Amino acid sequence: MQEQLIRWFVKDYDCIKAPAVRTRYGNLTSIVGIVTNLIISLGELIVGFLIGSIAMISDAIHDLADAGGSTISLVSFRFSAKKADQEHPYGHGRIEYLLSIGFSILLFVVAIQLLIESVGRILHPEIVEFSIWALVVMLCAMGLKVWLYSFFKSIGERINSPILKANGLEYLSDVWATLGITLGLVVGGLFQIPVDGYLGAIVSVMIGRAGYHVLADAISRLLGNEPSPEMVKDIANFVKSYPGVLGIHDLMIHDYGPGHVFASIHVEVDAKEDVIKSHSLIDRIERDAQKELYIQLTIHMDPLLVTKESMALYDKIHTVVKAYDEKLSLHDLRAVKSDDKIHVLFDLVVPYSDRQRMDDIAKAIKKILEAMDPTFEITITAEHSYTGDENIHDYN
Ligand SMILES: [Zn+2]
Ligand SMILES: [Zn+2]
């Protein structure tokens, strides 16, 4: 059935690297997830109301919440596909975060409502009679969720998408919640134990927790979070693949949603190369990045002196910096000679974990270098990376 769905709905399903095909896979999983969750939650809602079980109604709402989340990503994908306009030259990709915030507020309201109902039922216990229909619906719900899990997992593995695999795991954890409620309904109904309120309370807390995750994620993205390591690696490897690019640093990524990613990077080129020639190389990389990575890349050109002398100087300083702390890196090294001094300037990238000691580290390294060679006059500009600490050495 999975293969059949893929064949029907994913055009060019073999080109799993093409963004358009990945989008189609993403759309397919979203729609399958939404439809399945709607079916499950409709069944649970109807039977839940018929037998008067708050726990079952809560579980239905929990599944509705899942469907709602997928609907938002799907809808906002349409929004972000909408072209940039005069008022919003960066596109409309970030609308997803606003929708998510609204959705999380809705989840909080529903969770509180259900919690109040559940507490009311705990205070005034009522026995929910055993119903074979409830059992059938819950068993179907569990079966469908396990199927969803395997569906998301297999597509996640096929197109190598961590998000899809994570979503699949979420469905699996939902199965446990549904199983718990089913057991509660059966045991409570058969042995006349009033467990409904407690089960409802647990599920309403789960709904609130889901809302919190949606909210936290949306706010973090709105603030501008660390880019994904895959994107950093993609851009770095892409730029480095051009002959004539001697080194790169200071990558900065602004993500306004798919197709609206803006980035800037410094590229080191041979200082002795003709400026016009170097600039055409830079321009070509920028154009190719637009076509192949769908990223608007702006490149700043750093001339690099490739002489024995300058390489030796770089090696010397690089060794000292790395010996001081393996996590540090440097770039934009320049040396200006005056009468009896060599003025050496460079930028030092310090991980965020050493935020407090940033200036001390720069001072210490300056001291070591100046002690090593009395003709040195060192100026260090300490800075953080915009691509996350663990990515600093990846492309230096
Ligand atoms: Zn630079
Ligand atoms: Zn240009």
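Begin by selecting strands S4, S5 and S6, which form an open sheet of three strands in that order with mixed pairing; helices (H or I, at least four residues) and strands (E, at least two) are DSSP runs numbered from the N terminus, and two strands pair if DSSP finds at least two bridges between them. The edge strands here are S4 and S6 (376–383), each of which pairs on one side only. On average, neighbouring strands of this sheet are turned by 15° against each other, direction ignored. For this and later angles, axes are lines fitted to C-alpha atoms, for helices over the stretch in contact, and angles run from 0 to 180 degrees between N-to-C directions.

Before going further, note that this is a predicted model, in which local features need pLDDT of at least 70 and side-chain atom pairs count only at pLDDT 80 or more, while totals for chains, interfaces and linings use all residues. Residues are numbered from 1 along each chain as its sequence is written, chains are lettered from A and ligands numbered from 1 in the order in which they are written, and side-chain values use heavy atoms, with hydrogens and water left out.

Stay with the sheet and select residues 329–337 and 342–349, which are strands S4 and S5; they run antiparallel and are joined by seven bridges. The two strands form a hairpin with four residues between them, and Lys337 stands opposite Ile342 in S5. Now add S6, which pairs with S5 in the parallel sense over eight bridges, and look for Leu348 opposite Ala382 in S6. In general, strands of a sheet pair through backbone hydrogen bonds, either parallel or antiparallel.

Next, select S1, S2 and S3, another open sheet of three strands in that order, again with mixed pairing. Its edge strands are S1 and S3 (295–304), each pairing on one side only, and the twist averages 15° from one strand to the next. S1 and S2 pair in the antiparallel sense over seven bridges, and within that pairing His249 stands opposite His266 in S2.

Which residues coordinate the zinc ion (ligand 1)? Show the ion and its surroundings, and you will find His249 (NE2), His266 (ND1), Asp302 (OD), and Asp332 with two entries marked OD, at 2.0 to 2.6 Å. Donors are N, O and S atoms within 2.8 Å of the metal (3.2 Å for Na, K and Ca), and water is not among the atoms, so sites may look incomplete. Along the chain, the donors of the zinc ion follow the spacing H-x16-H-x35-D-x29-D. Because His249 lies in strand S1 (residues 247–255) and His266 in strand S2 (residues 261–270), the pair ties together parts that are 17 residues apart in sequence.

To place these strands in the annotation, select residues 227–303 and 313–383, where UniProt, in an unreviewed entry, places the feature "domain: Cation efflux protein cytoplasmic". UniProt positions are given in the numbering used here, feature names are shortened, and annotations may be inferred rather than shown by experiment. Over residues 313–383 the chain is 38% helix and 35% strand, with the end C-alpha atoms 21 Å apart.

Move now to the segments that the unreviewed UniProt entry lists as "transmembrane region", namely residues 31–51, 97–116, 128–150 and 171–191. Residues 31–51 are 100% helix and 0% strand, with end C-alpha atoms 30 Å apart, and residues 97–116 are likewise 100% helix and 0% strand, with end C-alpha atoms 29 Å apart.

Select helices H5 (residues 132–158) and H6 (residues 162–191), whose axes come within 8 Å and cross at roughly 165°. That angle makes H5 roughly antiparallel to H6, where angles under 35 degrees count as roughly parallel, over 145 as roughly antiparallel, 65 to 115 as roughly perpendicular and the rest as oblique. By class, their contact has 17 nonpolar, five polar and five charged residues; Ala, Val, Leu, Ile, Met, Phe, Trp, Tyr, Cys and Pro count as nonpolar, Asp, Glu, Lys and Arg as charged, and the others, Gly among them, as polar.

Finish with H4 (residues 95–123) and H7 (residues 196–223), whose axes come within 8 Å and cross at roughly 165°, which makes H4 roughly antiparallel to H7. The residues of this contact divide into 21 nonpolar, eight polar and three charged.
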